[in-house]
Amino acid sequence: MSVKATVTAVKGATLEFGTVTSDNLASIAAGAEGSATVTITGADTTDLVFVTGRALLAGLVICEATVTTANTVVVKVLNTTGGALDDGTLELQYMLVKVA
């Protein structure tokens, strides 16, 4: 599911807000980093993307999000706990910054 809204900002930049879900997050060992891939239609490699989790497991922290190819965003997360975490699904809110 993806929900999207668009706002025109200063100097021609466009902000797009939405919600997206990824169900490809594998188990992450204690202190390790994992990643999930999500589709954000319209995202381009020149865009900036910011994400936040809607309901992350305790100890799971979002480290970064990067547009790797058109419409594809990789979200890296870190397990800060002393044991393995298996969230399986990431429900994310995003802001995509498109600079003209």
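In the predicted model examined here, Asp47 has a relative accessibility of 9% and therefore counts as buried, since the limit for that class is under 20%. This residue belongs to the loop that runs between β3 (33–39) and β4 (48–53). Residues from other parts of the chain surround Asp47, for when residues up to four places away in sequence are not counted, Asp47 touches Gly42, Val67, Leu96, Val97 and Lys98. The side chain of Asp47 also offers a polar atom that lies 2.8 Å from the backbone nitrogen of Asp44, and the side chain of Asp47 makes a polar contact with the side chain of Lys98 at 2.6 Å.

The contact with Lys98 also appears in the search for salt bridges, which finds 2 in the whole structure. In one of them, the side chains of Lys98 and Asp47 meet with a separation of 2.6 Å, N to O. This pair links distant parts of the chain, as Lys98 is found in strand β7 (residues 90–98) and Asp47 in the loop between β3 and β4, with their positions 51 residues apart in the numbering. The two partners fall into separate accessibility classes, because Lys98, with a relative accessible area of 21%, is partly exposed, whereas Asp47, at 9%, is buried.

A salt bridge is likewise formed by the side chains of Glu91 and Arg54, which meet at 3.0 Å, N to O. Glu91 is located in strand β7 and Arg54 in the loop between β4 and β5 (60–69), so that this pair ties together parts of the chain that are 37 residues apart in sequence. Glu91 has a relative accessibility of 35% and so counts as partly exposed, and Arg54, with a value of 44%, counts as partly exposed as well.

With regard to the overall architecture, the secondary structure of the protein chain consists of 7 strands and 0 helices, and the pattern read along the sequence is accordingly β-β-β-β-β-β-β. The C-alpha trace spans about 45 × 20 × 20 Å along its principal axes. The radius of gyration of the protein chain is 14 Å, which agrees with the value near 13 Å that a compact globule of 100 residues would have. Of the 100 residues in the protein chain, 31% are buried. Among the contacts with a separation of 6 or more, 66% are made by residues that stand 24 or more positions apart.

Strands of a sheet pair through backbone hydrogen bonds, and the pairing may be either parallel or antiparallel. In this model, 3 strands form an open sheet in the order β3-β6-β5, with antiparallel pairing. Because β3 and β5 stand at the edges and each has a single partner strand, one side of each is left without a neighbour in the sheet. From one strand to the next, the twist averages 25°.

The pairing can be followed strand by strand. β5 and strand β6 (residues 72–79) are paired in the antiparallel sense over 8 bridges; within this pairing, Val61 has Leu78 in β6 as its bridge partner, and Thr66 stands opposite Val74 in β6. The hairpin of β5 and β6 has 2 residues between the strands, and Asn71 in this hairpin takes a positive phi near 70°. On the other side of the order β3-β6-β5, 7 bridges join β3 to β6, and these two strands also run antiparallel. Here Thr39 stands opposite Thr72 in β6.

The side chains along β3 alternate between two faces, and burial follows this alternation: Gly34, Ala36 and Val38 point to one face and are buried, while Glu33, Ser35, Thr37 and Thr39 point to the other face and are not buried. A buried residue is also found in strand β2 (residues 14–22), where Val20 lies; Val20 has a relative accessible area of 5% and is therefore classed as buried. Although Val20 and Val75 are 55 residues apart along the chain, their C-alpha atoms are separated by 12 Å.

Note on methods
Residues numbered from 1 in each chain as written. Predicted model: local features only at pLDDT ≥ 70, side-chain atom pairs only at ≥ 80, totals over all residues. Heavy atoms only, no water. Helix = DSSP H or I, 4+ residues; strand = E, 2+ residues; numbered from the N terminus. Buried < 20%, exposed > 50% of the residue type's maximum accessible area, 1.4 Å probe, protein only. Polar contact = N/O pair within 3.5 Å; in protein donor to acceptor, adjacent residues only side chain to side chain. Contact = heavy atoms within 4.5 Å. Salt bridge = Lys/Arg side-chain N within 4 Å of Asp/Glu carboxyl O. Pairing = 2+ DSSP bridges. Axes fitted to C-alpha atoms, helices over the stretch in contact; angles between N-to-C directions. Rg over C-alpha atoms; globule rule 2.2 N^0.38 Å.
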